[in-house]
Amino acid sequence: MNHSHHHMTTTASHSHGGGDSNMMIMMPMTLYFGFKNVELLFSGLVINTAGEMAGAFVAVFLLAMFYEGLKIARERLLHKSQVSIRYNSMPVPGPNGTILKESHKTIGQQMLSFPYLLQTVLHIIQVVVSYFLMLIFMTYNGYLCIAVAAGAGTGYFLFIWKKAVVGDITEHCH
């Protein structure tokens, strides 16, 4: 391995189950394309063959697509679950000293309702998936980075094209 592309870490926290606590871990610090000894999220999930990399590519691609679909599904669920509608009227000064009534529509949902609890669980899943995608990208493996980007792009294309809102309040880092 070319040492200019990796950062060596010596730490006891990387030692699993005793043994030498000064184990050298090679962490890539630049983008690389390879499939030998690529750890994917967990220490036991190591890619060593082209076939394993192809499988990981498909899995990561689908995970990134799922993330985009989950964002739009949460938004649609939120709009469907907003049940409490309240109309408020308030006096507003009009022209020539007249008083007008302005109505405001307030929409909300109950905190201890099934739709809100489902929203909360889906939010937790969304945050976890977004951090998994970020950690996958941080492997600096070019194939996996492409899988994240292509999956997110495909998911956006398939799921969010009907969305008319410009701002996305469900976005998390990834």
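These are my notebook entries on a predicted model of one protein chain.

**Ground rules**

I count residues from 1 along each chain as its sequence is written, and I use side-chain values from heavy atoms, with hydrogens and water left out. Since the model is predicted, I accept local features only at pLDDT of at least 70 and side-chain atom pairs only at pLDDT 80 or more, while totals for chains, interfaces and linings use all residues.

**Entry 1: overall layout**

I looked up the secondary structure and found three helices and six strands. Helices here are DSSP runs of H or I with at least four residues, strands are runs of E with at least two, and both are numbered from the N terminus. In sequence order I read β-β-β-β-α-β-β-α-α.

I then checked burial. Of the 174 residues, 25% are buried. (Buried is under 20% relative accessible area, exposed is over 50%, partly exposed is in between, with a 1.4 Å probe and protein chains only.) The chain exposes about 11700 Å², and carbon and sulfur atoms supply 67% of that area. Accessible areas come from the Shrake-Rupley method with a 1.4 Å probe; for residues, only the protein chains shown count as cover.

I also looked at contacts, meaning heavy atoms within 4.5 Å. Among those with a separation of 6 or more, 58% join residues 24 or more positions apart.

**Entry 2: helix α1**

I searched for salt bridges (a side-chain nitrogen of Lys or Arg within 4 Å of a carboxyl oxygen of Asp or Glu). The structure holds one. It joins the side chains of Lys71 and Glu68, at 3.1 Å from N to O. Both residues sit in α1, residues 50–81, three residues apart, or about one turn of the helix.

Are the two partners buried or exposed? Lys71 is buried, because its relative accessibility is 4%. Glu68 is also counted as buried, because its relative accessible area is 5%.

Glu75 is another α1 residue I noted. Its relative accessibility is 17%, so Glu75 counts as buried. The C-alpha atoms of Glu75 and Gln119 are 9.1 Å apart, with their positions 44 residues apart in sequence. Gln119 is among the buried residues of α2.

**Entry 3: helix α2 and the nonpolar patch**

I compared the length of α2 (114–137) with expectation. Its 24 residues should span 34 Å at 1.5 Å a residue, and the end C-alpha atoms are 34 Å apart, so the two agree. (The expected span is 1.5 Å times one less than the number of residues.) The buried residues of α2 include Leu122, Val129, Leu133 and Ile136.

Which residues form the nonpolar patch on the surface? I list Leu41, Phe42, Leu45, Ile124, Val128, Phe132, Leu135 and Met138, with about 700 Å² of accessible area together. Patches are made of residues with over 30% relative accessible area and no salt bridge; like charges are joined within 9 Å, and nonpolar side chains (Val, Leu, Ile, Met, Phe, Trp, Tyr) within 5 Å. β4 (42–47) and α2 each supply at least two of the patch residues. The largest share, four residues, comes from α2. Leu45 belongs to strand β4, and its relative accessibility of 41% is why I enter Leu45 as partly exposed.

**Entry 4: Glu39 in β3**

Glu39 lies in strand β3, residues 38–40. At 44% relative accessibility, Glu39 is partly exposed. Beyond its neighbours within four places in sequence, Glu39 contacts Leu45, Val46 and Thr139. The C-alpha atoms of Glu39 and Ile136 are 9.3 Å apart, although 97 residues separate the two along the chain.

**Entry 5: positive phi**

Most residues other than glycine have a negative phi. I noted Asn37, not a glycine, with a positive phi of about 60°. Asn37 is in the loop between β2 (24–28) and β3, and Asn37 is exposed, at 54% relative accessible area. Tyr140 also has a positive phi, near 65°. Tyr140 is in the loop between α2 and α3, and its relative accessibility of 31% makes Tyr140 partly exposed.

**Entry 6: helix α3**

The N-terminal end of α3 is capped by Asn141, with a side-chain oxygen 3.0 Å from the backbone nitrogen of Tyr143. I found 18 residues in α3 (142–159), for which 26 Å is expected at 1.5 Å a residue; the end C-alpha atoms are 25 Å apart, which agrees. Among the buried residues of α3 are Gly142, Cys145, Gly151 and Gly155.

Note on methods:
Polar contact = N/O pair within 3.5 Å; in protein donor to acceptor, adjacent residues only side chain to side chain.
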